[in-house]
Amino acid sequence: MDSQVLVALALSLVGGLSTSLGALFVILNQAPNLKMLGLLQGFAAGLMLSISFLDLAHNAMNSIGFLKGNLWFFSGVIFFAVVANFIPEPTLSHSSEVKGKKNKGDEGGKDMMKKHRRQVFFSGIITAMGISLHNFPEGMAVFLGSMKGLRVGLNLALAIALHNIPEGVAVALPVYFATQSKWQAFKLATLSGFAEPLGVVIVAYLFPSSLSPEILEGLLGSVGGVMAFLTLHEMLPLAFDYAGQKQAVKAVFFGMAFMSASLYFLELSLPKDMSL
């Protein structure tokens, strides 16, 4: 294996495995109550929406044009809207209904809690999928940066590492709440970070040098559409149900602001002729 590829792979592992640090913050504390979970789901939804609209879709429209960028984005939305029709999911239930059933008996309360846990676990899987798709182009960026020089690659890997820690929290938290398993939460958050070194491997060996940048940007725009649909269809209803609409909306915008700031500082670490 080429030494430059090995360096890029090592640097991408530093960035990717920082999701494990986020998971550690979660599993070293007690699982949150439903209201706190709702707030953190809102925060995670804000992260996902910021990545989708202000990163992937924005870059696609800047690179291949407004019309083409939108067509790719909404093709991702439509694709996953069709797929979602075939995905079984538990129905949402309001917290007042939960309390009412708990008052009727322990059995009803236990059944409702199982439904909540299934619902939250599904949300954690969705977050892991979205963040993995987001981490993939970051691996590509680390590879290209390391080709320009070790200093550029190292700066970029460290910036991505800081940027990925809250993503690890967003993945591990719902999984820990749903399964009560620290290992499952840590494992899923860590696996979501492995998309980054995978991006290095694919860029280095699998993609032909003649791959059209327009197609690549379009595919990433479609990923943004998929993530936007997943967030609005699955994560926001959970946040509203558990934390209340007003508090959840605040958490969403806080998550968006946090990710936007993170993307801004990450962009500053890139060379002028590169972008995520």
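This passage describes the fold, the annotated spans, the internal cavity and several individual residues of a predicted model.

The overall picture is an all-helical one: the protein chain has eleven helices and zero strands. Read along the sequence, the pattern is accordingly α-α-α-α-α-α-α-α-α-α-α. Of the 276 residues in the protein chain, 49% count as buried. Contacts between parts of the chain that are far apart in sequence are well represented. Among contacts between residues at least 6 apart in sequence, 86% join residues at least 24 apart.

A word on confidence is useful before turning to details. The average pLDDT of the protein chain is 78, and 79% of the residues score at least 70. One stretch calls for care: over residues 90-99 the pLDDT stays under 50. For those residues the model has 16 contacts beyond four places in sequence.

The annotation can be set beside the model. An unreviewed UniProt entry lists "transmembrane region" for residues 6-27, 39-57, 69-87, 120-136, 156-176, 188-207, 219-236 and 248-266. Two of these spans illustrate how the record and the coordinates line up. Residues 6-27 are 95% helix and 0% strand, and the C-alpha atoms at the two ends of the span lie 32 Å apart. For residues 120-136 the figures are 100% helix and 0% strand, with the end C-alpha atoms 25 Å apart.

The N-terminal part of the chain offers a good place to look at packing. L13 is found in helix α1, which covers residues 3-16. With a relative accessible area of 30%, L13 is partly exposed. Not counting residues up to four places away in sequence, L13 touches F194 and P197. A related pairing is that of L13 with E196: 183 residues separate them along the chain, yet their C-alpha atoms are 7.1 Å apart. Further along, helix α2 (residues 18-27) is mostly covered, with seven of its ten residues buried. Those buried residues are S18, T19, S20, G22, A23, V26 and I27. Two of them, T19 and S20, reappear in the surroundings of T190, which sits in helix α8. Leaving aside neighbours within four places in sequence, T190 is in contact with L17, T19 and S20. T190 has a relative accessible area of 11% and therefore counts as buried, the cut-off being under 20%.

Helix α3 has its own long-range partners. N59, which is found in helix α3, is buried at a relative accessible area of 17%. The C-alpha atoms of N59 and E217 are separated by 7.4 Å, although the two residues are 158 apart along the chain. M227 belongs to helix α10, which runs over residues 213-243. M227 is buried, with a relative accessible area of 0%. Beyond its neighbours within four places in sequence, M227 is in contact with M48, I51, S52, L56 and G130. The C-alpha atoms of M227 and F53 are 9.3 Å apart, with these positions 174 residues apart in the numbering.

The search for enclosed space gave a short list. The count comes to one cavity of 30 Å³ or more, and the largest cavity holds about 40 Å³ of space. Its lining is made up of L40, Q41, F43, P166, V169, A170, L173 and P174. Helices α3 (34-64) and α7 (150-179) each supply at least two residues of this lining. The most is given by α7, which contributes five residues. By class, seven of the lining residues are nonpolar, one is polar and none is charged.

Backbone geometry adds one last point of interest, just past the end of α7. Q180 lies in the loop between α7 and α8 (182-193). The phi angle of Q180 is near 60°, a positive value in a residue other than glycine. The side of the question that concerns solvent is also settled by the model: Q180 counts as partly exposed because its relative accessibility is 45%, which falls between the 20% and 50% cut-offs.

Methods:
Residues numbered from 1 in each chain as written. Predicted model: local features only at pLDDT ≥ 70, side-chain atom pairs only at ≥ 80, totals over all residues. Heavy atoms only, no water. UniProt positions renumbered as here; feature names shortened; annotations may be inferred. Helix = DSSP H or I, 4+ residues; strand = E, 2+ residues; numbered from the N terminus. Buried < 20%, exposed > 50% of the residue type's maximum accessible area, 1.4 Å probe, protein only. pLDDT = per-residue confidence, 0-100. Contact = heavy atoms within 4.5 Å. 1 Å grid on protein atoms, 1.4 Å probe; cavity = no way out; pocket = protein on both sides within 12 Å on 5 of 7 lines; lining within 4 Å. Points joined across faces, edges and corners; volume = space filled by probe spheres on them. Nonpolar A, V, L, I, M, F, W, Y, C, P; charged D, E, K, R; others polar.
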